[in-house]
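Visitor: I would like to go through this model with you and hear the reasoning behind each label. Please show it first.

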Amino acid sequence: MALRDCPACGATKATDIPAFSRGEWRIGKCDACGFVYLRNPPRYDQLVDEFAWEKTKAEHRSRLQKERPVLMAIDRAFAFRWRFRRDVGSSYVRVFGQGKVLDVGCGRGLALPEPLIPFGIELSAARHAEADANMKKRGGYALFGPAIERLQDFPEGSFDGVLMSSILEHEQHPRALLEGVRRVLSKTGKLYLRLPNHGSSNRKVMGARWGGFRYPDHVNYFTVPQMKRMAEETGYRFRQLNRFSPFSDNMHILLTPRT
Ligand SMILES: [Zn+2]
């Protein structure tokens, strides 16, 4: 398997971090810019097939369960409360307001509530079919395939909003994905990103046992300053929405086109 160049700066040299690597999967740090990434990711077709998210998620849960049963129990308790305390869909309405919104990696196409008009891109054939049916009922539709390729099928400035929740950490070409999204966003459009924060305090405390390490699904490990840099380099203005959530494993980011 060929080693991947740094997705942040394009440098070819990186140094493996054995503590973060697992089995055949090599996590390394770019010698030039310090970005942490999976150096030998599987191909798209393997991701759909043998490393399908549903399967690796189950493996991931059982690994964590074995390594840190008490923390997992706490995590579940909080996830339970979280569901009652927070309606994710309504937060998307708050961010986007109204109009056409593209959900990249849309699953079954149910994330975006009324009055948003939902569009999607999905890599799994089964989920795509469901998403397309769900979205067509509400005036949108879903395309099937890798995000960077399918974005090209939408005309420039098509969308008032784009949602990428738990996507950028999976994308082998995050820069190209951000550029592709930039093209389909209207001048006043918004890109809402949610992804693991490799610079989070929890990651620093947990080290290699941090729940954000997923093999081989997560191929990019952004910190907030690294996310900001890539966003600005690909034509966006950057704002972190959860700056004051010091214990969050994730960053919530709002990007708007720089004109
Ligand atoms: Zn680099």
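Visitor: What does the secondary structure of the protein chain come to?
Guide: Nine helices and eleven strands. Keep in mind that this is a predicted model.

Visitor: How many residues are in the chain, and what share is buried?
Guide: The protein chain has 259 residues, and buried ones make up 50% of them. Its accessible surface comes to about 13,200 Å², with 54% belonging to carbon and sulfur atoms.

Visitor: What share of the contacts joins residues 24 or more positions apart?
Guide: 59%, counted among contacts with a separation of 6 or more.

Visitor: Let us turn to the metal. Which atoms are the protein donors of the zinc ion?
Guide: The SG atoms of Cys 6, Cys 9, Cys 30 and Cys 33. They lie 2.3 Å from the zinc ion, and the cut-off for a donor is 2.8 Å. Therefore these sulfur atoms count as donors.

Visitor: Why is the arrangement around the zinc ion called tetrahedral?
Guide: The four donor atoms subtend angles of 105 to 114°. The label asks that all angles lie between 85 and 135 degrees. The range fits, so the arrangement is tetrahedral. The ideal angle for four tetrahedral donors is 109.5 degrees.

Visitor: What spacing do the donors follow along the chain?
Guide: C-x2-C-x20-C-x2-C. Cys 9 lies in the segment before β1 (14-16), and Cys 33 lies in the loop between β2 (27-30) and β3 (36-38), so the pair ties together parts that are 24 residues apart in sequence.

Visitor: Why are Cys 9 and Cys 33 called partly exposed?
Guide: Cys 9 has a relative accessible area of 41%, and Cys 33 has 24%. Buried means under 20% and exposed means over 50%. Both values fall in between, so both residues are partly exposed.

Visitor: Now the interior. Which residues have the most contacts inside the largest nonpolar core?
Guide: Leu 102, Val 162, Met 164, Leu 191 and Met 227, in a core of 39 residues. A second, separate core has twelve residues, including Phe 20, Ile 27, Val 36 and Leu 38.

Visitor: What is Val 162 in contact with, leaving aside its neighbours within four places in sequence?
Guide: Its partners include Phe 96, Val 101, Leu 102, Val 184, Leu 191 and Tyr 192.

Visitor: How many aromatic pairs does a search of the whole structure find?
Guide: Eleven. One of them is formed by Tyr 92 and Tyr 192, at 5.8 Å centre to centre and 65° between the planes.

Visitor: What makes the pair of Tyr 92 and Tyr 192 edge-to-face?
Guide: Rings pair if their centres lie within 6.5 Å, and planes over 60 degrees apart count as edge-to-face. At 5.8 Å and 65°, the two rings meet both conditions, so the label holds. Tyr 92 is in helix α4 (residues 88-96) and Tyr 192 is in strand β8 (residues 185-196), 100 residues apart.

Visitor: How do you know whether Tyr 92 and Tyr 192 are buried or exposed?
Guide: Tyr 92 has 6% relative accessibility, and Tyr 192 has 5%. The cut-off for buried is under 20%, so both count as buried.

Visitor: What about Phe 119 and Tyr 141?
Guide: They also form an edge-to-face pair, at 5.1 Å centre to centre and 75° between the planes. Phe 119 is in strand β5 (residues 117-122), and Tyr 141 is in the loop between α5 (125-136) and β6 (142-144). Phe 119 is buried at 6%, whereas Tyr 141 is partly exposed at 32%.

Visitor: Which peptide bonds are cis?
Guide: One joins Glu 114 and Pro 115, with omega about 0°. Another runs from Tyr 215 to Pro 216, with omega near -5°. Pro 115 lies in the loop between β4 (100-104) and β5. Pro 216 lies in the loop between α8 and β9 (220-221).

Visitor: What is notable about phi of Ser 166?
Guide: Phi is near 60°, a positive value in a residue other than glycine. Most residues other than glycine have a negative phi. Ser 166 sits in the loop between β7 (159-165) and α7 (174-184). Its relative accessible area is 28%, so Ser 166 is partly exposed.

Conventions. Residues numbered from 1 in each chain as written. Predicted model: local features only at pLDDT ≥ 70, side-chain atom pairs only at ≥ 80, totals over all residues. Heavy atoms only, no water. Core = buried A, V, L, I, M, F, W, Y, C linked by side-chain atoms within 4.5 Å. Buried < 20%, exposed > 50% of the residue type's maximum accessible area, 1.4 Å probe, protein only. Contact = heavy atoms within 4.5 Å. Donors = N, O, S within 2.8 Å, 3.2 Å for Na, K, Ca; no water. Tetrahedral: all angles 85-135°; square planar, octahedral: opposite > 155°, others 65-115°. Helix = DSSP H or I, 4+ residues; strand = E, 2+ residues; numbered from the N terminus. Phe/Tyr/Trp six-rings, centres within 6.5 Å; stacked < 30°, edge-to-face > 60°. Areas by Shrake-Rupley, 256 points an atom, 1.4 Å probe, with all protein chains shown as cover.
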